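Me: Please take a close look at one part of this structure, the surroundings of the ligand. Start there and work outward into the fold.

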Amino acid sequence: MLHPLPHSPSYIDPVVSIESLTGGYNGELVLESVDLTISHGDFVGLVGPSGSGKTSLLKAILGTLDVYDGRVLVNGVDASVRRPRVGYVPQLETIDWNFPVTVEEVVMMGCTMNSPLFPWVTGLQRKSAARMMEHLGISALAKRHISDLSGGQQQRIFLARALVGNQAIVLLDEPTSGVDIKTRDDIMHLLHELNHQGITVIMTTHEINSVAAHLPRVVCLNGRIIADGPPSKVLTTEILTETYGGPMPVIHHNGMAIVVERPHRFGYHARKGEDQDSAGLEHQDIV
Ligand SMILES: Nc1ncnc2c1ncn2[C@@H]1O[C@H](COP(=O)(O)OP(=O)(O)OP(=O)(O)O)[C@@H](O)[C@H]1O
Ligand SMILES: [Mg+2]
């Protein structure tokens, strides 16, 4: 077994209930009238352009976003009143890599971050941190500083920190950004397996074709919820064009939605006068 289920599931369904949330930073609105319900065992992908509020929505669930109206309940408790017990993998770009901390110290933070009254690590927690690092293939890096590692290794460290506390809900902010295809597949399989064991997974991604299209549920966000449902219903030209505010042609192939890219010819020697708009697509392919 990959990861033990929480011993006594303390969730109530829905595990996350976002009700008419309007929130942001210093009075600036980022999210407006957001309603979203996440049930126990959901596996949700949040997509939307840069600045659309994906990270902010995760922060709302963590209880760290300023809420101006509405509320966010996690297991029935207002997240801004009591910090919820959830695992969190932050967007790598937001981490202070100069902070003097080793891999094992970061992972062990996951044992204590939900118990501020008892910030010391027990022997048992130390062992489970070691097991989690071994499972994620980062044991050999335990004493290394977190900045001296590759993007894929860094993702695994924060994944280990999020999972080591046996959380029933895990939030991941772009967990597959900056990693190679094999590492991306490894991470997605790991998340799939965790979800299979009953852990609720909410992740953001910019990778629509290789990640979002494979998830059971996709939420399109741009300050508000544009669409929410299975990829077959949500990943359409119309919905993605509205979400991203520009043309996003989608075709279907073998039952999968695929966002197609227009060919660009960059560089000094790019031939002049070529039809830059021809994507080689038949109009009837676009859905
Ligand atoms: N700490 C902050 N203080 C003030 N404004 C912020 C803060 N964090 C984010 N914002 C602003 O909130 C908006 C939404 O940011 P957010 O990080 O949620 O977007 P995102 O969808 O996660 O983008 P990306 O895909 O680039 O990660 C942006 O306009 C951003 O500038
Ligand atoms: Mg973000």
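Reply: The shell around ligand 1 is made up of two nonpolar residues, eight polar ones and one charged one. These positions come from a predicted model. The shell consists of Tyr-25, Val-30, Gly-48, Ser-50, Gly-51, Ser-52, Gly-53, Lys-54, Thr-55, Ser-56 and Gln-91.

Which element gives the largest share of this shell? Helix H1, residues 54-62, does so with three residues. Lys-54, Thr-55 and Ser-56 in the shell are also among the buried residues of H1. The helix as a whole is mostly covered, with eight of its nine residues buried. Besides those three, the buried set holds Leu-57, Leu-58, Lys-59, Ala-60 and Ile-61. Two lysines are therefore among the buried residues of H1, Lys-54 and Lys-59, where buried means that 20 or more other C-beta atoms lie within 10 Å of the residue's own. After H1 comes Gly-63, with a positive phi near 85°.

What does H1 lie across? The helix crosses strand E1 (16-25), E2 and E4, and runs at about 65° to E2. These strands belong to an open sheet of four, in the order E2-E1-E4-E5, and the pairing is antiparallel. Strand E2 (28-38) and strand E5 (77-78) are the edges; each has a single partner strand, so one side of each is left without a neighbour in the sheet. At the E5 end, strand E4 (residues 66-74) is joined to E5 by two bridges in the antiparallel sense. Val-74 has Val-77 in E5 as its bridge partner. This sheet also bears on the ligand: Tyr-25 and Val-30 are in the shell, Tyr-25 falls in E1 (16-25), and Val-30 falls in E2 (28-38).

The second sheet can be taken up from Gly-48. That residue is in the shell, and strand E3 covers residues 43-47. The sheet that holds E3 is open, has six strands in the order E6-E7-E8-E3-E9-E10, and is mixed in its pairing. Its edge strands are E6 (87-89) and E10 (225-229), each of which pairs on one side only. On average, neighbouring strands here are turned by 15° against each other, direction ignored.

E3 has E8 and E9 on its two sides in that order. With strand E9 (residues 217-221), E3 pairs in the parallel sense over four bridges, and Leu-46 stands opposite Val-219. With E8, the pairing is again parallel and again over four bridges; here Val-44 has Ile-202 as its bridge partner. Ile-202 also stands opposite Leu-171, and E7 is joined to E8 by five bridges in the parallel sense.

How covered is E8? All five residues of this strand, 200-204, are buried. In a regular strand the side chains alternate between the two faces of the sheet. For E8, Thr-200, Ile-202 and Thr-204 are on one side, Val-201 and Met-203 are on the other, and both faces are covered.

Towards the E6 edge, helix H4 (residues 151-163) lies across E6 and strand E7 (169-173), at about 170° to E6. E6 spans 87-89, and Gln-91 is again a shell residue.

For scale, the protein has seven helices and twelve strands. Buried residues make up 34% of its 287 residues. Of the contacts between residues at least 6 apart in sequence, 64% join residues at least 24 apart.

Confidence should be kept in view. The mean pLDDT is 88, and 88% of the residues reach 70 or more. Over residues 1-9 the pLDDT stays under 50, and the model has twelve contacts there beyond four places in sequence. Residues 275-279 are also below 50, with five contacts beyond near neighbours in sequence.

Conventions:
Residues are numbered from 1 along each chain as its sequence is written. Chains are lettered from A and ligands numbered from 1 in the order in which they are written. This is a predicted model: local features need pLDDT of at least 70, side-chain atom pairs count only at pLDDT 80 or more; totals for chains, interfaces and linings use all residues. A residue is near a molecule or strand if its C-beta atom, placed from the backbone, lies within 6 Å of it. Ala, Val, Leu, Ile, Met, Phe, Trp, Tyr, Cys and Pro count as nonpolar, Asp, Glu, Lys and Arg as charged, and the others, Gly among them, as polar. pLDDT is the predictor's confidence in each residue, from 0 to 100. Two residues are in contact if their C-beta atoms, placed from the backbone, lie within 7 Å. Two strands pair if DSSP finds at least two bridges between them. Axes are lines fitted to C-alpha atoms, for helices over the stretch in contact, and angles run from 0 to 180 degrees between N-to-C directions. A residue is buried if 20 or more other C-beta atoms lie within 10 Å of its own, exposed if 12 or fewer, and partly exposed in between; C-beta atoms are placed from the backbone.
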